[in-house]
Amino acid sequence: MRCVGRIALLGLLLLTCATAAPAFAEAPRIGQIKTVSGEAFVVRGGERLSAKIGDPVYESDTIETGSGGTIGVTFIDNTVFSTGPETQVALSQFRFDSSNSHGEMLADVKKGSLSVVSGDITHSTPGAMKIRTPTAILGVSGTTFAVKVY
Amino acid sequence: MHRRVLVALALFTLTGCPRQELYVVLPNADGRPGAGKISVNEGNTRTVLDQPFASAETRGGQPAAIPPDPTEAQTVFKQAIAARPMLPAHFRLYFFLDTALLTPESGSTYRTVLENIKQRPAYEVEIVGYTDTLGSEAYNAGLSLERAAAIRDTLVWGGVDPKAITIAGRGERDPLVVTGDQVPEPQNRRVEITVR
């Protein structure tokens, strides 16, 4: 039984590789940039891209602002992030199933200021959203709060 | 005696350190009364903040609650709060029995949906259709998707970008009002729309 399962899995893998190789690289978007002012960037795979309204964000992206810059992102679970200037926030982990609203989120505030309005992930599972700072981990039950790392 | 001196000394030393981090619970942005709750965890220390403007700070690596200071919070987070996107909005539209035709009241809600979308510089729209339990499950799966598609098409006709819209049909699953099978229920004949 186990062997049959393995062979089936192998077949499936080969099939996926053969037919849908580009789909592997294309991770699902987890949110969209809604507001931008001044110097605002998305860092993705070592590349620093100018942030524009309407751009998608993906898991493992870092949103970054320079002096005077701000950036606002709404995630697919309806969580809303917005930052002040001189800020770095890594979107380290994000998982969300819209059919049952379950998910998990971990963001790292490395420096600067972040304001949060939590969404469906915390509504369905209080504590499933975490914000990590250099010294602490925030467990979020909801909804509106802000963090500053000096 | 010794211990008390040590505690006093520790407190003095910590408050002498510069502030490293600040955490503040803000009044609910979605207009619901009161405030939410966060807990600040460092090692075995857990500081719970659950009142509007309840605050904690970290000095010397150690978080501790501090008195709420709304003026300071609004100053420190002024730009971050000003950058906040328009919050996601939720709508429900209802349909006549066995159709994808909106009830008259929902016709006016529909216009509110369209206006809400147009206020946003970048938007995403999710439309999920549902039915009551009259008819077969398979038939209702199709009808619920038809309802979602009908609203999508109307929005697109109204100028909304089709690429920003996703639709789904959940048939008679997830009723708003739980009924037995084969029961007509106006509240269950609906689409739910999220605009963000």
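Visitor: How many residues does the contact take from chain A, and how many from chain B?
Guide: In this predicted model, the contact joins chain A and chain B, and each chain gives its own set of residues to it. The number from chain A is 37 residues, and the number from chain B is 38 residues.

Visitor: Which elements of chain A give two or more residues to the side that touches chain B?
Guide: The elements that meet this mark on chain A include β1 (31-37), β6 (70-75) and β7 (80-83). Further along the chain, the list goes on with β9 (102-117), β11 (137-142) and β12 (144-149).

Visitor: How do the residues on the side of chain A that touches chain B divide into nonpolar, polar and charged?
Guide: Gly is counted among the polar residues in this division, while Ala and Pro are counted among the nonpolar ones. On that footing, the side of chain A that touches chain B has 15 nonpolar, 20 polar and two charged residues.

Visitor: Which residue of β1(B) is the bridge partner of A:Ala146?
Guide: Strand β12(A), which is among the elements that give two or more residues to the side touching chain B, pairs with strand β1 (residues 19-25) of chain B in the antiparallel sense, over five bridges. Within β1(B), the bridge partner of A:Ala146 is B:Val24.

Visitor: In what pattern do the helices and strands of chain A follow one another along the sequence?
Guide: Chain A has two helices and 12 strands to be placed in order. Read along the sequence, they give the pattern α-β-β-β-β-β-β-β-β-β-α-β-β-β.

Visitor: Which residue in the turn between β8(A) and β9(A) has a positive phi?
Guide: Strands β8(A) and β9(A) pair in the antiparallel sense over eight bridges, and within this pairing A:Ala90 stands opposite A:Asp108 in β9(A). The two strands form a hairpin with four residues between them, and the residue in the turn with a positive phi, of about 65°, is A:Ser101.

Visitor: Which residue of β8(A) is the bridge partner of A:Thr65?
Guide: Besides its pairing with β9(A), strand β8 (residues 87-97) of chain A pairs in the antiparallel sense with strand β5 (residues 62-65) of chain A, over four bridges. In β8(A), the bridge partner of A:Thr65 is A:Thr87.

Visitor: Why does A:Ser60 count as partly exposed?
Guide: A:Ser60 is placed in the loop between β4 (56-57) and β5 of chain A, and it has a positive phi of about 80° although it is not a glycine. Most residues other than glycine have a negative phi. As for exposure, a residue is buried with 20 or more other C-beta atoms within 10 Å and exposed with 12 or fewer; A:Ser60 falls in between because its count of C-beta neighbours inside 10 Å is 15.

Visitor: Where in chain B does B:Phe53 lie?
Guide: B:Phe53 is a residue other than glycine with a positive phi, near 70°. It is partly exposed, with 18 other C-beta atoms within 10 Å. Its place in chain B is the loop between β3 (45-49) and β4 (55-59).

Visitor: How far apart do the C-alpha centres of domain 1 and domain 2 of chain B lie?
Guide: Chain B is divided into domain 1 (17-82) and domain 2 (89-195). Between the C-alpha centres of these two domains of chain B, the distance is 39 Å.

Visitor: What is the mean pLDDT of chain B?
Guide: The model as a whole scores ipTM 0.89 and pTM 0.87. In chain B, 92% of the residues reach a pLDDT of 70 or more, and the mean pLDDT is 93.

Methods. Residues are numbered from 1 along each chain as its sequence is written. Chains are lettered from A and ligands numbered from 1 in the order in which they are written. This is a predicted model: local features need pLDDT of at least 70, side-chain atom pairs count only at pLDDT 80 or more; totals for chains, interfaces and linings use all residues. Two residues are in contact if their C-beta atoms, placed from the backbone, lie within 7 Å. Two strands pair if DSSP finds at least two bridges between them. pLDDT is the predictor's confidence in each residue, from 0 to 100. Domain bounds come from an automatic or database domain assignment.
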